[in-house]
Amino acid sequence: MAPVLSAVGLTKRYGDVTAVSGLSFELEAGSVTGFLGPNGAGKTTTLRMLLGLAEPTDGSALLFGRRFAELERPATRVGAVLDSADLHPGRTGRDHLRVLARVARVPRSRVDEMLALVDLAGAADRRVKGYSLGMRQRLGLAAALLAGPELLVLDEPANGLDPEGMRWLRDFLRAFAAEGRTVFVSSHLLAEVAQTVERVVIVDHGRLVADAPLRELVADSSSLEDVFLELTAEPSR
């Protein structure tokens, strides 16, 4: 069986700048994997290549053994949230999801189900321009889940969430993976990542510096933060 997600020699260059260089890793079904790296490490570029939003200069980015563009009804295979600000400010939360449900050909009833799931039922008929960052994050997650995907790809999903929201997200992602589905989550909140994921992929300057189960990575260290800072530290001049 093909991995749920695989990057093989994934490379992206913009002129003389190499954003991602020879990146290779795989995700298996039923896992929650953290994708970590400093600002400018190539994380967002990698996610965009995996989701078919940017073309690799070299290498391959595959989901379920295929390029994203080759997936049939991709919304049923992959749900993604890369930018919670990418929402129409004049639409209500409910209307935003209704438009996406129509495009994805999923029952309209899923809209209210997802609004309830992410605790936005009470704000469903408010315009998105009045949503807080945390509410936008919840709406983005509801959109990603509309078609019941097997894989979630999330970029900084805990931004703007209060402690209760962060706990809810943590529990939800674990339960999602326990059903045999898969989560790939990029975040700078290392303490939260350490409570959520089973595996960690760390990149720095576009290159892979770690790919291991969390328990192995922190076995000889006090925390994920210590490991992360050691692996991504700038060399002394």
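The exercises below work through salt bridges, one sheet and two helices of a predicted model.

**Exercise 1. The sheet**

Task: Find the order of the strands in the open sheet, and say which strands lie at its edges.

Solution.
Step 1. The sheet is open and has three strands in the order E2-E1-E4, with antiparallel pairing.
Step 2. Strand E2 (17–27) and E4 each pair on one side only, and they are the edge strands.
Step 3. On average, neighbouring strands of this sheet are turned by 20° against each other, direction ignored.

**Exercise 2. The pairings of E1**

Task: State how many bridges join E1 to E2 and how many join strand E1 (residues 5–14) to E4, and give partners within each pairing.

Solution.
Step 1. E1 and E2 run antiparallel and are joined by seven bridges. Lys12 has Val20 in E2 as its bridge partner.
Step 2. The hairpin of E1 and E2 has two residues between the strands, and Gly15 there takes a positive phi near 65°.
Step 3. Between E1 and E4, also antiparallel, there are five bridges. Ala61 in E4 is the bridge partner of Ala7, and Ser60 in E4 stands opposite Val8.
Step 4. A helix is then added to the picture: H1 lies across E1, E2 and E4 and runs at about 115° to E1.

**Exercise 3. Two salt bridges between loops**

Task: The structure holds nine salt bridges. For Glu55 with Arg67 and for Arg77 with Glu150, give the distance, then the location and exposure of each partner.

Solution.
Step 1. In the salt bridge of Glu55 with Arg67, the closest N and O atoms are 3.6 Å apart.
Step 2. Glu55 sits in the loop between helix H1 (43–50) and strand E4 (58–63), while Arg67 sits in the loop between E4 and strand E5 (78–81); the two are twelve residues apart.
Step 3. Glu55 has a relative accessible area of 49% and is partly exposed. Arg67, with 37%, is partly exposed.
Step 4. Arg77 and Glu150 meet through their side chains in a salt bridge of 2.5 Å, N to O.
Step 5. Arg77 is in the loop between E4 and E5, and Glu150 is in the loop between helix H4 (133–145) and strand E6 (151–155), so this pair ties together parts 73 residues apart in sequence.
Step 6. Arg77 is partly exposed at 25% relative accessibility, and Glu150 is partly exposed at 31%.

**Exercise 4. A salt bridge between helices**

Task: Decide whether Arg170 and Glu192 are buried or exposed.

Solution.
Step 1. The side chains of Arg170 and Glu192 form a salt bridge, 2.9 Å from N to O.
Step 2. Arg170 belongs to helix H5 (residues 163–178) and Glu192 to helix H6 (residues 190–196), 22 residues apart.
Step 3. A residue counts as buried under 20% relative accessible area. Arg170 has 13%, so Arg170 is buried; Glu192 has 12%, so Glu192 is buried.
Step 4. Elsewhere, salt bridges that share partners join Arg94, Asp112 and Asp125 into one network.

**Exercise 5. The faces of H5**

Task: Check the span of H5 and find where its buried residues lie around the axis.

Solution.
Step 1. With 16 residues at 1.5 Å a residue, H5 should span 22 Å, and the 23 Å between its end C-alpha atoms agrees.
Step 2. The buried residues of H5 are Gly165, Met166, Leu169, Arg170, Phe172, Leu173, Phe176 and Ala177.
Step 3. Seen down the axis of H5, these buried residues fall within an arc of 165°, so they line one face of the helix.
Step 4. An α-helix has 3.6 residues a turn, so residues three or four places apart point the same way.
Step 5. Pro163, Glu164, Arg167 and Ala178 are exposed on the other side of H5.
Step 6. The packing partners of the buried residues of H5 are strand E3 (32–36), helix H3 (109–117), H4, E6, strand E7 (182–186) and H6.
Step 7. Gly180 follows H5 and has a positive phi, near 95°.

**Exercise 6. The buried side of H3**

Task: Name the buried residues of H3 and what they pack against.

Solution.
Step 1. Val111, Met114 and Leu115 are buried in H3.
Step 2. Their arc around the axis is only 105°, which puts them on the same side of H3.
Step 3. The buried residues of H3 pack against helix H2 (93–104) and H4.
Step 4. Just after H3 comes Asp119, with a positive phi of about 65°.

Conventions:
Residues are numbered from 1 along each chain as its sequence is written. This is a predicted model: local features need pLDDT of at least 70, side-chain atom pairs count only at pLDDT 80 or more; totals for chains, interfaces and linings use all residues. Side-chain values use heavy atoms; hydrogens and water are left out. A salt bridge is a side-chain nitrogen of Lys or Arg within 4 Å of a carboxyl oxygen of Asp or Glu. Helices (H or I, at least four residues) and strands (E, at least two) are DSSP runs, numbered from the N terminus. Buried means under 20% relative accessible area, exposed over 50%, partly exposed in between (1.4 Å probe, protein chains only). Two strands pair if DSSP finds at least two bridges between them. Axes are lines fitted to C-alpha atoms, for helices over the stretch in contact, and angles run from 0 to 180 degrees between N-to-C directions. Contact means heavy atoms within 4.5 Å. The expected span of a helix is 1.5 Å times one less than its number of residues. The arc is that of the directions from the helix axis to the C-beta atoms.
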